[in-house]
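Q: Please take a close look at one helix of this structure and what surrounds it. I am new to this structure, so explain each term as you go.

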Amino acid sequence: MTAPSAIRIARVRDEIDDLPGARLLVDRVWPRGVTKAALQLDAWIHDVAPSTELRKWFGHDPERWEAFRERYLAELAENHEAVERCLAWCRAGRVVLLFGAKDRDHNQAVVLRDHLREKLTREDAT
């Protein structure tokens, strides 16, 4: 099993050649101006992203971050299949969660990474 710390996040426009691992796009919509060839994805798990309603409500407003985080975690708790798809990649090896947002600290990949790490840590404890 891969250590939970082996889950990284990166913007789709970052140079990530030096980040080993499966590349998973975790946005609901394809990032503008980015080609599929440029991302070299292993998977696009769009159904693990926040719902359209939640994404639009949040609007990447840092003042809504804590509420967004709580609401997205609630969505993840109900989205077992998509979370399990991500976990399967994590169990197989290193993972890079790719996101399109400009804000590196306030986006769904941050929440998802922490959620996946927590689940893997719990699995390791049992």
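A: What follows is a walk along helix H5, then to a pocket and two loop residues.

This is a predicted model, in which local features need pLDDT of at least 70, side-chain atom pairs count only at pLDDT 80 or more, and totals for chains, interfaces and linings use all residues. Residues are numbered from 1 along each chain as its sequence is written, and side-chain values use heavy atoms, with hydrogens and water left out.

Helix H5 covers residues 108-125, 18 residues in total. Helices (H or I, at least four residues) and strands (E, at least two) are DSSP runs, numbered from the N terminus. From first C-alpha to last, H5 reaches 26 Å. That is close to the 26 Å expected at 1.5 Å a residue; the expected span is 1.5 Å times one less than the number of residues.

Start at the beginning of H5. There, a side-chain oxygen of Asn107 comes to within 2.8 Å of the backbone nitrogen of Ala109.

Several residues of H5 are buried, among them Ala109, Val110, Leu116 and Leu120. Buried means under 20% relative accessible area, exposed over 50%, and partly exposed in between (1.4 Å probe, protein chains only). The buried residues of H5 pack against strand E1 (7-11), helix H3 (65-78), helix H4 (80-92) and strand E4 (95-99).

Now focus on Gln108, which sits in H5. Gln108 counts as buried because its relative accessible area is 7%. A polar atom of the Gln108 side chain lies 3.2 Å from the backbone oxygen of Val26. Leaving aside residues up to four places away in sequence, Gln108 touches Val26, Asp27, Pro50, Phe68, Tyr72 and Phe99. Touching here is contact, meaning heavy atoms within 4.5 Å.

Asp27 leads on to the largest pocket. About 430 Å³ of space lies in this pocket. Its lining has 18 residues, and the closest to its centre are Asp27, Val29, His60, Gly100 and Ala101. A pocket is an open set of points on a 1 Å grid over the protein atoms alone, where a 1.4 Å probe fits, with protein on both sides within 12 Å along at least five of seven lines; lining residues have an atom within 4 Å of a point.

His60 lies in the loop between helix H2 (52-58) and H3. Its phi is near 55°, a positive value in a residue other than glycine. Most residues other than glycine have a negative phi. At 36% relative accessibility, His60 is partly exposed.

Gln40 also has a positive phi, near 50°. Gln40 is in the loop between helix H1 (36-39) and strand E3 (43-44).

Key
A polar contact is a pair of N or O atoms within 3.5 Å; within protein, one must be able to donate a hydrogen and the other to accept it, and residues adjacent in sequence count only if both atoms are side-chain atoms. Grid points are joined across faces, edges and corners, and a volume is the space filled by probe spheres set on the points.
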